[in-house]
Amino acid sequence: MIETIMRYILCAVILVMGFSSLAGAQQTDDKEAAIAVVNQLFAAMKAKDAAQIKSVFSSDGQLVAIDKPKDGKGISKTRVL
């Protein structure tokens, strides 16, 4: 009886460990995918490629730019692109 209970506990532990490692891999993949999108956006901004910048966003996404006056005086301007 005790051996059967121990087997069930061992199986449960193995299953939990297996699923937790899969969840950790998913989080890593999500993080890497997000970083890749950000890197793609900044590369497109550096290249001044509007089509590539637009391709990074979803259809309802927005890019908001805040421009500070070059002299540092006055009100900053906000633009939704």
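# Exercises on a predicted model

V38 has a relative accessible area of 40%, which makes V38 partly exposed. The model is a predicted one, and the exercises below work through its features.

## Exercise 1: A surface patch

Task: state which element holds V38 and which residues form a nonpolar patch with V38.

Solution.
- Step 1. Place the residue: V38 belongs to helix α1, which covers residues 2-47.
- Step 2. Check the exposure. Patch members need over 30% relative accessible area, and V38 has 40%.
- Step 3. List the patch: V38 is joined by F42 and M45 in a nonpolar surface patch. Together the three have about 270 Å² of accessible area.

## Exercise 2: Chain layout

Task: give the pattern of helices and strands along the chain, and the share of residues that count as buried.

Solution.
- Step 1. Count the elements: there are 2 helices and 2 strands.
- Step 2. Order them along the sequence, which gives α-α-β-β.
- Step 3. Turn to burial. The chain has 81 residues, and 6% of them count as buried. The cut-off for this class is under 20% relative accessible area.

## Exercise 3: The salt bridge

Task: find which side chains meet in a salt bridge, and explain what the pair ties together.

Solution.
- Step 1. Search the whole structure; the result is 1 salt bridge.
- Step 2. Identify the partners: the side chains of D67 and R79 meet at 2.7 Å, N to O. The cut-off is 4 Å.
- Step 3. Locate both ends. D67 lies in strand β1 (residues 64-67) and R79 in strand β2 (residues 77-80), so the salt bridge links parts 12 residues apart in sequence.
- Step 4. Assess exposure. D67 is partly exposed at 30% relative accessible area, and R79 is also partly exposed, at 39%.
- Step 5. Recall the general background: side chains of opposite charge can pair when their charged atoms come close.

## Exercise 4: The loop after helix α1

Task: determine the sign of phi at K48 and whether K48 is buried or exposed.

Solution.
- Step 1. Locate K48 in the loop between α1 and α2 (50-56).
- Step 2. Read the angle: phi of K48 is near 55 degrees, thus positive, in a residue other than glycine.
- Step 3. Set this against the general rule: most residues other than glycine have a negative phi.
- Step 4. Classify K48 as exposed, given its 76% relative accessibility.

## Exercise 5: I53 and the largest pocket

Task: describe the largest pocket and the spacing of Q40 and I53.

Solution.
- Step 1. Take the volume: the largest pocket holds about 190 Å³ of space.
- Step 2. Name the lining, which includes A50, I53, K54, F57 and L81.
- Step 3. Sort the lining by class: 5 residues are nonpolar, 4 polar and 1 charged.
- Step 4. Place Q40 in helix α1; Q40 is partly exposed at 34% relative accessible area.
- Step 5. Compare separations: Q40 and I53 are 13 residues apart in sequence, and their C-alpha atoms are 8.1 Å apart in space.

Technical notes. Residues numbered from 1 in each chain as written. Predicted model: local features only at pLDDT ≥ 70, side-chain atom pairs only at ≥ 80, totals over all residues. Heavy atoms only, no water. Helix = DSSP H or I, 4+ residues; strand = E, 2+ residues; numbered from the N terminus. Buried < 20%, exposed > 50% of the residue type's maximum accessible area, 1.4 Å probe, protein only. 1 Å grid on protein atoms, 1.4 Å probe; cavity = no way out; pocket = protein on both sides within 12 Å on 5 of 7 lines; lining within 4 Å. Points joined across faces, edges and corners; volume = space filled by probe spheres on them. Nonpolar A, V, L, I, M, F, W, Y, C, P; charged D, E, K, R; others polar. Patch = residues over 30% accessible without salt bridge, like charges linked within 9 Å, V, L, I, M, F, W, Y side chains within 5 Å. Areas by Shrake-Rupley, 256 points an atom, 1.4 Å probe, with all protein chains shown as cover.
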